[in-house]
Amino acid sequence: MSESEPPEAVLAKLHGQALPVAYVADAAGRLAGAVTESMLRGAAPGATLRALARPVPSAPASLVLERVLPLTLESDLPVAVVDDAGNILGMLPKDRIIAVLAAHLPGSRA
C-alpha cells in the first residue's frame with residue numbers, strides 16, 4: 001500500500017483476509033513498514049499510514065530460506081521480501097517458513 005492511501009481504505013482492503021497485514025511503501029515504492037487491521041482500527045482520526053507503520057523485518061529475494069528464519073523472531077509480522085532497491089516483492093509468514101523448512105528436514109514425509 002502506498003503511504004498516501006487513507007488508513008480507512010487500507011482497513012477495508014484487509015477486512016476478511018487470512019493474514020490482515022499490509023506493507024506500506026514510501027513514495028519511491030520502498031518498504032516503509034507494515035500495518036495490521038487492529039492497528040488501523042485503533043488509529044486516531046487523521047493518522048497517516050506512514051505514522052502508523054511499524055518496522056518489519058525484511059530479506060532480499062535471493063536470501064536462502066534457512067537464513068530468513070531468524071528474522072521471524074524479530075517481529076510478529078511476516079518477513080517482507082524486497083528487491084535490491086528495497087521495493088516490496090511479497091511476504092513470508094512465519095508459519096509458512098517453518099512448514100517449508102520442516103518439510104525438508106531429514107526424515108520428514110514431505
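1. A residue is called buried here when its relative accessible area is under 20%, and that cut-off underlies the remarks on strand β1 that follow. The model is a predicted one, and the values below should be read accordingly.

2. Both faces of β1 are covered, since Val-21, Tyr-23 and Ala-25 on one side are buried, as are Ala-22 and Val-24 on the other. In a regular strand the side chains alternate between the two faces of the sheet. Five of the five residues of β1, which spans residues 21–25, are buried, and the strand is therefore largely enclosed by the rest of the structure.

3. The partner of β1 is strand β2, residues 31–36, and the two pair in the antiparallel sense over five bridges. Within this pairing, Tyr-23 has Ala-34 of β2 as its bridge partner. The two strands form a hairpin with five residues between them, and in the turn Gly-29 has a positive phi of about 90°.

4. Turning to the whole protein chain, its secondary structure comes to five helices and five strands, arranged from the N terminus on as α-β-β-α-α-β-α-β-β-α. Of the contacts between residues at least 6 apart in sequence, 39% join residues at least 24 apart.

5. The C-alpha atoms fill a box of roughly 55 × 30 × 20 Å along the principal axes, and buried residues make up 34% of the 110 residues in the chain. The accessible surface comes to about 6,500 Å², with 58% of it belonging to carbon and sulfur atoms.

6. As for charge, the protein chain carries 9 positive and 11 negative charges, and the mean positions of the two sets are 6 Å apart.

Conventions: Residues numbered from 1 in each chain as written. Predicted model: local features only at pLDDT ≥ 70, side-chain atom pairs only at ≥ 80, totals over all residues. Heavy atoms only, no water. Buried < 20%, exposed > 50% of the residue type's maximum accessible area, 1.4 Å probe, protein only. Helix = DSSP H or I, 4+ residues; strand = E, 2+ residues; numbered from the N terminus. Pairing = 2+ DSSP bridges. Contact = heavy atoms within 4.5 Å. Areas by Shrake-Rupley, 256 points an atom, 1.4 Å probe, with all protein chains shown as cover. Lys, Arg positive; Asp, Glu negative; His and termini not counted. Charge placed at Lys NZ, Arg CZ, Asp CG, Glu CD.
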